[in-house]
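Colleague: I am new to this structure. Please take me through one part of its surface closely, and set it in the context of the whole chain.

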Amino acid sequence: MQKRLLTLAVTAALLSTTTQVHAAGFQLAEYSATGLGRAFAGEAAIADNASVQGRNPAMLTYLEGRQLSAGGIYVMPNVDVKGDVSLSSPLLGPNPIVMNGDAIDVADDALVPNFYYSNQLNDQWTWGLAVNSNYGLSTELPKTHAAAIFGNKTAVTTVEFNPNIAYRVNDAVSVGGGVRIVYGEGEIGASLPGWVDSIKPSLPAQVSAMLPPGGTELKSMKGDDIGYGWQLGTSWQINPANRVGLAYHSGVKFELDGHASGVIYDGGQNLSIEGYIPLELPAFAELSSYHQLTDNWAMHASVNWTDWSVFDQLVAYFPGEVKPKGGLESDLVKEENFEDNWRFALGTTYQVNNEWLVRAGVALDKTAAADEWRTTTIPDSDRLWFSVGAGYQATKNLNVDFALTYIRATGDAPINEQQNLLNLATVSFNGEASGDVWLAGIQMSYKM
């Protein structure tokens with residue numbers, strides 16, 4: 001299968017104008033609607049159903065028999081990046097040309113599905129399979145938008161296949177592990193804004209002739225890849241009412257090879273330019289606790305860490321005989337300089353009666369982007385989560401969970417970024433990102 005150069009199905013793209021705001025960087029937290037109802041607090045220490053292996057494989061030992069759990073979370077983002085685009089060039093006079101560069105509601109709605117299976121082999125061993133997504137993105141702008149030079153289209157989809165095995169050491173301690181097989185596909189594009197056509201009459205005829213018309217493709221990249229990693233977890237049942245869980249998921253390395261196109265690379269010619277981009281998805285870990293305070297009431301908490309500092313820059317390499325315009329051996333596509341981030345969550349569960357239980361939770365998800373390095377690619381900021389949920393025991397073997405979450409960005413998220421326009425001018429974006437997200441989920445779990 002022919003691939004085009006993929007900046008990464010999980011990098012939230014090179015030049016896109018926005019990204020998801022419901023987890024730090026471009027990470028998705030939505031692994032189950034069950035956990036969504038408590039803002040994913042205590043996930044590595046709670047075994048409601050087979051979905052627990054998505055956070056801590058050791059918790060499989062708390063599930064009896066064979067179990068299926070499947071569902072989805074519908075993501076409804078409202079993301080705006082507001083600011084001005086300024087154009088500076090000696091060819092246009094001493095003062096920059098300033099234009100409105102607002103990008104309103106550019107993140108698309110999306111469904112994040114999941115599927116889990118667990119099978120208890122005996123009193124000590126349980127195995128399971130998880131299929132979910134940890135990264136995703138979809139944004140689009142008109143090709144002639146004032147900010148299209150920073151990116152006009154991004155589509156990212158990832159699926160993780162995760163077989164797991166768990167072992168109960170004794171009544172208090174369990175351990176587990178699994179393999180991460182991650183498939184990703186994505187598309188990205190950047191185009192020449194429409195204001196190029198309006199400035200051409202002000203330029204010398206020779207320079208004006210060099211500029212393609214507004215809407216011309218600058219960079220286009222599309223492709224897929226598979227990466228591998230692993231995860232480990234453990235749990236400690238301190239006493240019948242208190243439990244602690246700890247899990248670690250390794251990074252996943254990609255070396256994405258394919259082809260690049262667009263006038264910046266091929267100069268407008270139909271060339272096949274081979275290239276590749278090395279990239280690593282960050283490792284992440286979770287420490288959780290669960291506390292049964294009364295027969296009906298429990299509290300739980302989580303602290304999450306993600307090794308986002310591995311995501312500092314994206315560099316494309318061109319080892320083939322056909323080189324990009326100018327004979328480039330490599331191209332620094334984007335600098336991000338992310339920092340490790342932390343997430344803190346607190347939740348509660350209350351058993352109303354034999355059929356119904358209710359959940360609630362709050363969380364603070366810290367940003368991975370420092371103010372001085374925040375870009376239009378990933379306008380990351382701190383987020384607050386407010387979640388509610390309910391579980392209904394429909395039959396002896398079937399349980400249905402519902403959840404609703406509201407997430408809002410907190411504080412300022414300034415963005416100051418520049419692009420070079422074909423070595424003729426400097427294009428700058430100055431503004432800030434803001435937004436909120438609604439999440440709605442349903443999970444169906446069946447014991448066989």
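**A nonpolar patch and its setting**

Modeller: Start with the contacts. In the protein chain, 72% of the contacts with a separation of 6 or more link residues 24 or more positions apart. This is a predicted model. The chain holds 22 strands and 4 helices. Of its 448 residues, 56% count as buried. Its accessible surface comes to about 18,400 Å². Carbon and sulfur atoms hold 55% of that surface.

Now the close look. A nonpolar patch of about 800 Å² lies on the surface. Its makers are L293, W297, Y350, V352, W356, V358, F402, I442 and M444. Two elements give two or more residues to this patch: β18 (356–365) and β22 (425–447).

Take V352, one of the patch residues. V352 sits in the loop between β17 (341–351) and β18. Its relative accessibility is 45%, so V352 counts as partly exposed. The cut-offs matter here: partly exposed lies between under 20% for buried and over 50% for exposed.

For contrast, turn to another loop, the one between α1 (33–36) and β1 (66–88), where A39 is placed. F40 is in the loop between α1 and β1 too. A39 counts as buried because its relative accessibility is 0%. F40 is also buried, with a relative accessible area of 0%. Look at the backbone as well. A39 is not a glycine, yet its phi is positive, about 60°. F40 is not a glycine either, and its phi is positive at about 55°.

Notes. Residues numbered from 1 in each chain as written. Predicted model: local features only at pLDDT ≥ 70, side-chain atom pairs only at ≥ 80, totals over all residues. Heavy atoms only, no water. Patch = residues over 30% accessible without salt bridge, like charges linked within 9 Å, V, L, I, M, F, W, Y side chains within 5 Å. Areas by Shrake-Rupley, 256 points an atom, 1.4 Å probe, with all protein chains shown as cover. Salt bridge = Lys/Arg side-chain N within 4 Å of Asp/Glu carboxyl O. Buried < 20%, exposed > 50% of the residue type's maximum accessible area, 1.4 Å probe, protein only. Contact = heavy atoms within 4.5 Å.
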